[in-house]
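Subject: Structure handover

Hello,

Here is the structure you are taking over. Please open it first, then read the notes below.

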Amino acid sequence: MERKPMKHGKKKIGILLFLAALCSLPSYGETKRWLGHSQLWHISGNWFPYGIPTADDDVIIPQPASLLASNPKLNGINGNATVKSIKIESGASLDLDGKTLSVKSGFTNDGTLTAHTGTVKFIDNSTIGGNTETVFYNIEIASGKSLTLAQNIKAEGSFTNNGTFIHGG
């Protein structure tokens, strides 16, 4: 019995191997930019690229591009969010609405943070920077981690330091 050569078999195996290798690569965060279709942080369509930011994502809150766009507000059942870093640009604002924002590496404020009774937790070695003095309500530094200030801040509620606080880094 004579064997016929495979026309597409090797190509299909190669594609499957490529896809398997691609799926096994580690996942890296993205830069997520607020679009502001609604005020709700936990809506995937409010972000570009599409999807709610995760602990591996850098987040940028720009000044609203139009009168129809809005600034974000933490919301949802528990409303809390975790990001790698966040930058609030000039003319933009972020409303914590009494919720908790956990930050892994950096918090840059050139706009407005409306904290209400919310908390910003620094869960890894982090820096607070920007051109605007940030008024926090509660600030928490995680155990064994450091927080470096590159700008002045105010804490109207509690300041919980479980790590190292460095002023004027």
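Phe107 is a good place to start. With a relative accessibility of 0%, Phe107 counts as buried. Phe122 also comes out at 0% and is buried. Please keep in mind that this is a predicted model.

**The aromatic pairs**

The count of aromatic pairs is six. One of them joins Phe107 and Phe122. Their ring centres are 6.5 Å apart, and the planes meet at 75 degrees. That makes the pair edge-to-face, because an angle over 60 degrees counts as such. Where do the two residues sit? Phe107 belongs to strand β6 (residues 100-109) and Phe122 to strand β8 (residues 119-122), so the pair ties together parts that are 15 residues apart in sequence.

Phe107 has another partner, Phe136. Here the centres are 5.3 Å apart and the planes stand at 55 degrees, so this pair is tilted. The link spans distant parts of the chain: Phe107 is in strand β6, Phe136 is in strand β10 (residues 134-136), and 29 residues separate them. Is Phe136 buried or exposed? Phe136 is buried, at 0% relative accessible area.

Tryptophans group as well. Trp34, Trp41 and Trp47 make up one aromatic cluster.

**The chain as a whole**

Now step back. The chain has 169 residues, and 36% of them are buried. Its secondary structure comes to one helix and 15 strands. The exposed surface is about 9,900 Å². Carbon and sulfur atoms supply 55% of that surface. Take the contacts between residues at least 6 apart in sequence: 27% of these join residues at least 24 apart.

**Strand pairing**

β8 is worth tracing. β6 and β8 run parallel and are joined by four bridges. In this pairing, Leu101 stands opposite Val120 of β8. β8 also pairs with β11, again in the parallel sense and over four bridges. There, Phe122 faces Ile141 of β11. Phe122 therefore has two roles to look at: the aromatic pair with Phe107 and the place opposite Ile141.

**The nonpolar core**

In soluble globular proteins, nonpolar side chains tend to be buried together. Which residues have the most contacts inside the largest nonpolar core? They are Trp41, Ile61, Ile86, Leu101, Phe107, Phe122 and Phe136. The core itself has 27 residues. At least two residues come from each of β3 (58-61), β4, β6, β8, β11 and β12. β4 gives the most, with four residues.

Ile61 is a useful residue to click on. Leaving aside residues up to four places away in sequence, Ile61 touches Trp34, Trp41 and Trp47, among others. The list also includes Ile86, Ile88, Pro72 and Ala92. Polar and charged neighbours are on it too, including Asn71, Lys87, Glu89 and Ser93.

**The salt bridges**

Side chains of opposite charge can pair when their charged atoms come close. The count of salt bridges here is six. Three of them are set out below.

- Lys32 and Glu30: the side chains meet at 3.4 Å, N to O. Lys32 counts as buried, at 3% relative accessibility. Glu30 is partly exposed, at 37%.
- Arg33 and Glu89: the closest N and O atoms are 3.6 Å apart. This bridge links distant parts of the chain, with Arg33 in strand β1 (residues 31-34) and Glu89 in the loop between β4 (81-88) and β5 (93-95), 56 residues apart. Arg33 is partly exposed, at 34%. Glu89 is partly exposed too, at 22%.
- Asp124 and Lys145: the side chains meet at 3.6 Å, N to O. Asp124 lies in the loop between β8 and β9 (126-129), and Lys145 in the loop between β11 (138-141) and β12 (146-149), so the pair ties together parts that are 21 residues apart in sequence. Asp124 is partly exposed, at 28%. Lys145 is partly exposed, at 26%.

**Where to look again**

Go back to Phe107 at the end. Phe107 pairs with Phe122 edge-to-face and with Phe136 in a tilted arrangement. Phe107, Phe122 and Phe136 are among the residues with the most contacts inside the largest core.

Best wishes

Note on methods. Residues are numbered from 1 along each chain as its sequence is written. This is a predicted model: local features need pLDDT of at least 70, side-chain atom pairs count only at pLDDT 80 or more; totals for chains, interfaces and linings use all residues. Side-chain values use heavy atoms; hydrogens and water are left out. Rings of Phe, Tyr and Trp (its six-membered ring) pair if their centres lie within 6.5 Å; planes under 30 degrees apart count as stacked, over 60 as edge-to-face and the rest as tilted. Buried means under 20% relative accessible area, exposed over 50%, partly exposed in between (1.4 Å probe, protein chains only). Contact means heavy atoms within 4.5 Å. Accessible areas come from the Shrake-Rupley method with a 1.4 Å probe; for residues, only the protein chains shown count as cover. A salt bridge is a side-chain nitrogen of Lys or Arg within 4 Å of a carboxyl oxygen of Asp or Glu. Two strands pair if DSSP finds at least two bridges between them. A nonpolar core is a set of buried Ala, Val, Leu, Ile, Met, Phe, Trp, Tyr and Cys residues joined through side-chain atoms within 4.5 Å.
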